[in-house]
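Here's a protein chain to explore together. Take a minute to turn the structure around before reading on.

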Amino acid sequence: GELGEQRPIEPDVDLERLIGLPLYMIGNILPFALPALCLGSIFSSLCLAILKFLALYVGVLAGIGRLFLYPRFLKKYNKKKSITGDMKENQYLYTERNNQKYVSLKFVWPESLHRPAMDDTPCIFLAIPHGVAPLGITAYPMWSKLFNDKLCSWVCAPVVLRLPIISKFMKGMGYIPAKSSEISNALTKKDRNVGIILDGVA
């Protein structure tokens, strides 16, 4: 039926995700793998070869992304830069908008949740599975529009918000530490929705 239909994806979005998704996956793993590879490369020629290949692979992908795709999609979506100080603006970063198109997400929910039922009530979204990287939940604009217009803050392991580079993007999109006090604060004082992935590797 309709839920099984896939929406066609624009060629430029498809290309951007072919570049962006490997970078996203590597970005999730590299902070943990890089120290071991660097140390191993001192003693092992195999580790050194892997390190060189990774540097070349990431460099080529990042170069294509930065020099070609980044300016193209900023212009396409009428944005001046990627990460700003505005959480809502950041959730519409071109990579996240493209994720939403790429994964072609569709949902079914009971009629009792139709708008305006939850307009004034913060929601808690629970999702599975996590896997190495939870791609499905990164269609961020959807979670801030599904049952109400409240921004959705996803939770993550506190250590992730201390990692170099990736933490800047995650904080910019509204991620909060997976602690009960932070979740309660987001739901009550900040009047936001909260998203929690129930299993995971981080």
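What follows is a short tour, from the whole chain down to single residues.

## The big picture

First things first: this is a predicted model. Its chain has 202 residues, and 38% of them count as buried. If you drew a box around the C-alpha atoms along the principal axes, the box would be roughly 60 × 40 × 35 Å.

How many helices and strands does the chain have? The secondary structure comes to seven helices and four strands. Walk along the sequence and you meet them in the pattern α-α-α-α-β-α-β-α-β-α-β. The chain also folds back on itself quite a bit: take the contacts between residues at least 6 apart in sequence, and 70% of them join residues at least 24 apart.

## The sheet

The four strands form an open sheet, and the pairing is parallel. Going across the sheet, the order is β1-β4-β2-β3. Why do β1 and β3 each have a side without a neighbour? β1 (124-127) and β3 (176-177) stand at the edges of the sheet with a single partner strand each, so one side of each is left free of neighbours there.

Now zoom in on one pairing. Strand β2 (residues 152-156) and strand β4 (residues 193-197) run parallel and are joined by three bridges. One residue to look for is Trp154, whose bridge partner in β4 is Gly195.

## Helix α2, bend included

Helix α2 covers residues 45-76. Its 32 residues reach 44 Å from the first C-alpha to the last, close to the 46 Å expected at 1.5 Å a residue. There is a bend in α2, though: about 40° at Leu69, with a proline, Pro71, following within four residues.

Both ends have something to spot. At the start of α2, Ser44 has a side-chain oxygen that reaches to within 3.2 Å of the backbone nitrogen of Leu46. Just after α2 comes Asn78, with a positive phi of about 55°.

Which residues of α2 are buried? They are Leu51, Leu61, Gly65, Leu69, Tyr70, Phe73 and Leu74. A bit of helix geometry helps when you read a list like this: an α-helix has 3.6 residues a turn, so residues three or four places apart point the same way. The buried residues of α2 pack against α1 and α4 (94-103).

## Helix α4 and its neighbours

Helix α4 has buried residues too, namely Tyr94, Thr95, Glu96, Asn98 and Asn99. They pack against α1, α2, α3 and α5 (140-143). Once α4 ends, look for Ser104, which takes a positive phi of about 50°.

## A buried glutamate

Is Glu16 buried or exposed? Glu16 counts as buried because its relative accessibility is 3%, and buried means under 20%. You'll find Glu16 in helix α1 (residues 11-43).

So what surrounds Glu16? Leaving out residues up to four places away in sequence, Glu16 touches Leu69, Phe73, Tyr94, Thr95 and Asn98. With Asn98 there is also a polar contact between the side chains, at 3.0 Å.

## Salt bridges

Side chains of opposite charge can pair when their charged atoms come close. Searching the whole structure turns up ten salt bridges.

Let's start with Glu10 and Lys76, whose closest N and O atoms are 2.9 Å apart in a salt bridge. Glu10 sits in the segment before α1 while Lys76 belongs to α2, so this pair ties together parts that are 66 residues apart in sequence. Glu10 is partly exposed, with a relative accessible area of 30%, and Lys76 is partly exposed at 34%.

Next up are Glu89 and Lys79, whose side chains meet in a salt bridge at 3.0 Å, N to O. Glu89 is in helix α3 (residues 87-91) and Lys79 in the loop between α2 and α3, ten residues apart. Glu89 counts as partly exposed, at 31% relative accessibility.

Another salt bridge joins Lys145 and Asp149, with 3.7 Å between the closest N and O atoms. Lys145 is partly exposed at 38% relative accessibility, whereas Asp149 is exposed, with a relative accessible area of 52%. Elsewhere, salt bridges with shared partners join Glu10, Asp12, Arg72, Lys76 and Lys101 into one network.

Definitions and conventions:
Residues are numbered from 1 along each chain as its sequence is written. This is a predicted model: local features need pLDDT of at least 70, side-chain atom pairs count only at pLDDT 80 or more; totals for chains, interfaces and linings use all residues. Side-chain values use heavy atoms; hydrogens and water are left out. Helices (H or I, at least four residues) and strands (E, at least two) are DSSP runs, numbered from the N terminus. Buried means under 20% relative accessible area, exposed over 50%, partly exposed in between (1.4 Å probe, protein chains only). A polar contact is a pair of N or O atoms within 3.5 Å; within protein, one must be able to donate a hydrogen and the other to accept it, and residues adjacent in sequence count only if both atoms are side-chain atoms. Contact means heavy atoms within 4.5 Å. Two strands pair if DSSP finds at least two bridges between them. A salt bridge is a side-chain nitrogen of Lys or Arg within 4 Å of a carboxyl oxygen of Asp or Glu. The expected span of a helix is 1.5 Å times one less than its number of residues. The bend at a residue is the angle between axes fitted to the seven residues ending there and the seven starting there.
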